[in-house]
Amino acid sequence: MKLITICPHCESKVKVKAFLVGDRLDLAKAKGKVFEMRCGNCQSRLNVDVDDVIADSDYTVPIVSGLSLIGAIVITLFFWDVGIFAFFTLVLPIIVASSARQNQRVKIRLFNDLYYDSKRLRIP
Ligand SMILES: [Zn+2]
């Protein structure tokens, strides 16, 4: 999961750097309700409200999927003689990728549904 906001001047996506932030309340605690940033594209100074920050998916899922596929192929080749391990090549990456995707989707929805001002969960 990555956090972004849209620059009001050039409408490009600006990445918000935040460490271990689960929702907008965390973000407000870490950076303040409104924090200053600079747009990497047009260099203008932005006053970003935490409610204007959006969670988006990053490359975690494709990277995790790729690594688990490589891992599964290695396991299968290593245990090739045993035979029964061959199904890991197919099953392991699917399980890992879908749980990573599910995990990220939940985190993104949690962040995007909870607004600092309303202080309540909005059920879509
Ligand atoms: Zn900009």
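**A walk along a two-domain chain**

Let us start at one small spot: Glu11 counts as exposed because it has 10 C-beta neighbours inside 10 Å. Here a residue is called exposed if 12 or fewer other C-beta atoms lie within 10 Å of its own, buried if there are 20 or more, and partly exposed in between, with C-beta atoms placed from the backbone. What you are looking at is a predicted model, in which local features need pLDDT of at least 70 and side-chain atom pairs count only at pLDDT 80 or more, while totals for chains, interfaces and linings use all residues. Residue numbers start from 1 along each chain, following its sequence as written.

Glu11 sits in the loop between β1 (2-6) and β2 (13-16). Although Glu11 is not a glycine, its phi is positive, about 60 degrees.

Now step back to the whole chain. You can find three helices and five strands in it, and from the N terminus on they run β-β-α-β-β-β-α-α. These elements are DSSP runs numbered from the N terminus: helices are H or I with at least four residues, strands are E with at least two. How spread out is the chain? Its radius of gyration is 20 Å, well over the 14 Å that the globule rule gives for 124 residues, so the chain is more spread out than a compact globule. The radius is taken over C-alpha atoms, and the rule is 2.2 Å times the number of residues to the power 0.38. Along the principal axes, the C-alpha atoms fill a box of roughly 60 × 35 × 25 Å. Buried residues account for 11% of the 124 residues.

The chain has two parts, domain 1 (2-56) and domain 2 (60-113), with bounds that come from an automatic or database domain assignment. Taken over C-alpha atoms, the centres of the two domains are 31 Å apart. Where they meet, six residues of domain 1 are in contact with four residues of domain 2, contact meaning that C-beta atoms, placed from the backbone, lie within 7 Å. On the domain 1 side, β5 gives the most, with three residues.

One pair of residues gives a feel for the distances here: Asp52 and Asp81 are 29 residues apart in sequence, yet 56 Å apart in space, C-alpha to C-alpha. Asp52 belongs to the loop between β4 (45-49) and β5 (54-56), and it counts as partly exposed because it has 15 C-beta neighbours inside 10 Å.

Next, look at β3 (residues 34-38) and β4, which run antiparallel and are joined by five bridges; two strands pair if DSSP finds at least two bridges between them. One of the residues to look for is Met37, whose bridge partner in β4 is Leu46. The hairpin has six residues between its strands. In that loop between β3 and β4 lies Gln43, which has a positive phi of about 65 degrees without being a glycine. Gln43 is exposed, with 10 other C-beta atoms within 10 Å.

Finally, turn to the interior. Which residues make up the largest nonpolar core? Nine do: Leu3, Val16, Val21, Leu27, Val48, Val50, Val53, Ala55 and Phe111. Such a core is a set of buried Ala, Val, Leu, Ile, Met, Phe, Trp, Tyr and Cys residues joined through C-beta atoms within 7 Å. Leaving aside residues up to four places away in sequence, Phe111 touches Gly22, Asp23, Arg24 and Ala55.

How values were computed. Two residues are in contact if their C-beta atoms, placed from the backbone, lie within 7 Å.
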